[in-house]
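Trainee: I should like to go through this model with you, one residue or element at a time. May we begin with the side chains and then turn to the packing?

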Amino acid sequence: MEILSIMRSMTKRWEHHMVQLPGRERLAQWIKRSKLDQQETAALIEMDPAVLSKILVGRRRPGLDNALKIERVTGIPVEAWQSSPEDEKSTEPAAAGSNP
């Protein structure tokens with residue numbers, strides 16, 4: 001677990017700069033700063049590399065289990081993966097009386 005310790009230490013050094021970014025951007029920055037590739041990052045987080053890839057490009061958000069794994073390794077809190085105001089605007093409810 002030596003590498004995990006190093007990664008946590010590194011995260012603390014730049015975490016205060018990343019607080020306002022959405023989860024996927026924070027994760028991308030973390031990967032860049034760690035100098036790991038996506039395969040290595042996925043292995044460290046214990047996540048399927050294909051799932052990590054989809055998260056990084058914004059095609060999906062991590063479920064609670066994966067968000068907790070990401071938090072454990074990177075320090076990026078689970079809350080970073082909650083909906084942003086922009087996401088809420090793009091998912092307007094259907095008009096009354098319309099068929100879904």
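Trainee: Is serine 34 buried or exposed?
Mentor: Please keep in mind that this is a predicted model. Serine 34 lies in helix H2, which covers residues 23-34. Its relative accessible area is 10%, and buried means under 20%. Serine 34 is therefore buried.

Trainee: Which residue has its backbone oxygen 2.8 Å from a polar atom of the side chain of serine 34?
Mentor: A polar contact requires a pair of N or O atoms within 3.5 Å. At 2.8 Å, the side chain of serine 34 meets that limit with the backbone oxygen of isoleucine 31.

Trainee: At what angle do H2 and helix H4 pack?
Mentor: Helix H4 spans residues 49-57, and its axis lies 8 Å from that of H2. On the H2 side the contact involves Arg24, Leu27, Ala28 and Ile31, which meet Leu52, Ile55, Leu56 and Val57 in H4. By class, this contact has seven nonpolar residues, one charged residue and no polar ones. The two helices pack at an angle of about 115°.

Trainee: Which residues contact leucine 27 once its neighbours within four places in sequence are left aside?
Mentor: Leucine 27 is one of the H2 residues that meet H4. Among its contacts are Leu52, Ile55 and Leu56, which also appear on the H4 side of that helix pair. The full set is Ile45, Leu52, Ile55, Leu56, Ile70, Thr74, Ile76 and Trp81.

Trainee: Which element gives the largest share of the largest nonpolar core?
Mentor: This core has 18 residues, and those touching the most other members are Leu27, Trp30, Met47, Ile70, Ile76 and Trp81. Two or more residues come from each of H2, H3, H4 and H5. The largest share, four residues, comes from H4.

Trainee: Is threonine 41 buried or exposed?
Mentor: Threonine 41 is found in helix H3. Not counting residues up to four places away in sequence, it touches Trp30, Ile31, Leu36 and Leu52. Its relative accessible area is 0%, so threonine 41 is buried.

Trainee: Which residue forms a salt bridge with arginine 72?
Mentor: Arginine 72 lies in helix H5 (residues 64-74), and its partner sits 26 residues away in the loop between helix H3 (38-45) and H4. Arginine 72 is partly exposed at 30% relative accessible area, whereas the partner counts as exposed at 52%. The closest N and O atoms are 3.9 Å apart, and the limit for a salt bridge is 4 Å. The partner is glutamate 46.

Trainee: How many salt bridges does the count come to?
Mentor: Besides the pair of arginine 72 and glutamate 46, the side chains of lysine 69 and aspartate 65 meet in a salt bridge, 3.7 Å from N to O. Lysine 69 and aspartate 65 both lie in helix H5, four residues apart, about one turn of the helix. Aspartate 65 counts as exposed, at 52% relative accessibility. The count comes to two salt bridges.

Trainee: How many Å apart in space are glutamate 79 and proline 22, C-alpha to C-alpha?
Mentor: Glutamate 79 lies in the loop between H5 and helix H6 (85-90). With a relative accessible area of 51%, glutamate 79 is exposed, the cut-off being over 50%. In sequence, glutamate 79 and proline 22 are 57 residues apart, while their C-alpha separation in space is 9.5 Å.

Conventions
Residues numbered from 1 in each chain as written. Predicted model: local features only at pLDDT ≥ 70, side-chain atom pairs only at ≥ 80, totals over all residues. Heavy atoms only, no water. Buried < 20%, exposed > 50% of the residue type's maximum accessible area, 1.4 Å probe, protein only. Polar contact = N/O pair within 3.5 Å; in protein donor to acceptor, adjacent residues only side chain to side chain. Axes fitted to C-alpha atoms, helices over the stretch in contact; angles between N-to-C directions. Contact = heavy atoms within 4.5 Å. Nonpolar A, V, L, I, M, F, W, Y, C, P; charged D, E, K, R; others polar. Core = buried A, V, L, I, M, F, W, Y, C linked by side-chain atoms within 4.5 Å.
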